[in-house]
Amino acid sequence: MAKKIVFVSGKGGVGKSTICTAVAKTLSQNGKKVLIEEADSGFGCIDIMLGLQDKVIYNLEDIISEKIDFDRAVVESENYPRLSYIPAPYSIDFSPAEEQVKKFHQSIDSKFDFILIDMGLGLNDRMASFFKNADMFLMILTPDLISVRDTERMVELIKKLNNGEIRTILNRVHTYGKNAIENFDEIIDKTGVQLMGIIPYSKSFSKGCFPGNRSLWQKSVNNLCLRLNNIDIKLAIM
């Protein structure tokens, strides 16, 4: 049975889709069957991150609306054999019913170990059905006051829809100035959610590429994936 994990943020530009993609790649390299569902309607980008933009024909709306079978619509990664991808809906008006999303997930549950759902910014009524069907939520934030405050609000909203596990991933650590929150315990206290990952800033992203396998950034992602597999790893920047 696949574990359905929603990647979400209360503030734009915090690296949500990048971390979702990196986690998917790493889990697949570790032998897990992974599906990325891109649910950021009208604003998909993960096809480019995976180098699959030329293979995209159908999208998530086509599958959930039962216009096309899942096996015809899903895009398989050539570089990561156990990684599959469903592109984001083209229409920003896509608003699936809770039962539609539940039925879809039940139909593919046995095919994967993890289903990673990359949501758009914040939480809106149109896509609330994905939140209601999730097993776990990973809140991506950066160590600045605005991101932490928005995360606190998002946690409140999620708890009204789902009692699933909520954890935070602190991204781009050591990059913020006067508005930075340097005490991780303070971030936990403000959001009311435990940290599951601490990801350092990497210069590689300024060049438009993922850091190398031996980088501190990738090691942090590796540790995050181990925790998702219920392996106890110390939470720290190495």
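I began with the rule for a salt bridge, which asks for a side-chain nitrogen of Lys or Arg within 4 Å of a carboxyl oxygen of Asp or Glu. With that in hand I looked up Lys132 and Glu98, whose side chains meet in a salt bridge at 4.0 Å, N to O. I note for everything below that the model is a predicted one.

**Entry on the salt bridges**

I asked where the two partners sit, and found Lys132 in helix 6 and Glu98 in helix 5, so that the pair links distant parts of the chain, 34 residues apart. I then looked up how far each partner is open to the outside: Lys132 is partly exposed, with a relative accessible area of 35%, and Glu98 is partly exposed as well, its value being 36%.

By the same rule I counted eight salt bridges. One of them is formed by Lys4 with Asp135, where the closest N and O atoms are 3.5 Å apart. I wanted to know which parts of the chain this pair ties together. Lys4 lies in strand 1 (residues 3-8), while Asp135 lies in the loop between helix 6 (128-132) and strand 6 (136-141), so the bridge joins parts that are 131 residues apart in sequence. Is Lys4 buried or exposed? I found a relative accessibility of 8% for Lys4, and because buried means under 20%, Lys4 counts as buried. Its partner Asp135, by contrast, is partly exposed, with a relative accessible area of 32%.

I also looked up Arg167, which forms a salt bridge with Glu165, the closest N and O atoms lying 3.4 Å apart. Arg167 counts as partly exposed at 22% relative accessibility, and Glu165 counts as partly exposed at 33%.

**Entry on Val193**

Arg167 came up again when I turned to Val193, since Arg167 is among the residues that Val193 touches. Leaving out residues up to four places away in sequence, I listed the contacts of Val193 as Val155, Ile166, Arg167, Thr168 and Ile188. I placed Val193 in the loop between helix 8 (184-191) and strand 8 (195-200). Although Val193 is in a loop, it counts as buried, because its relative accessibility is 5%. I checked one distance as well: Val193 and Phe114 are 79 residues apart in sequence and 22 Å apart in space, taken from C-alpha to C-alpha.

**Entry on the aromatic rings**

How many aromatic pairs does a search of the whole structure find? I found three. Phe70 and Phe112 form one that is edge-to-face, with 6.1 Å from centre to centre and 80° between the planes. This pair links distant parts of the chain, for Phe70 is in helix 4 (residues 70-73) and Phe112 is in the loop between helix 5 (98-108) and strand 5 (114-119), 42 residues apart. I noted that Phe70 and Phe112 are both buried.

Phe131 and Phe137 form an aromatic pair that is stacked, with 5.9 Å from centre to centre and 15° between the planes. Phe131 is buried, with a relative accessible area of 1%, and Phe137 counts as buried at 0%.

Last, I followed the rings from one pair to another, and found that ring pairs link Phe70, Phe104 and Phe112 into a cluster.

Note on methods: Residues numbered from 1 in each chain as written. Predicted model: local features only at pLDDT ≥ 70, side-chain atom pairs only at ≥ 80, totals over all residues. Heavy atoms only, no water. Helix = DSSP H or I, 4+ residues; strand = E, 2+ residues; numbered from the N terminus. Buried < 20%, exposed > 50% of the residue type's maximum accessible area, 1.4 Å probe, protein only. Contact = heavy atoms within 4.5 Å. Phe/Tyr/Trp six-rings, centres within 6.5 Å; stacked < 30°, edge-to-face > 60°.
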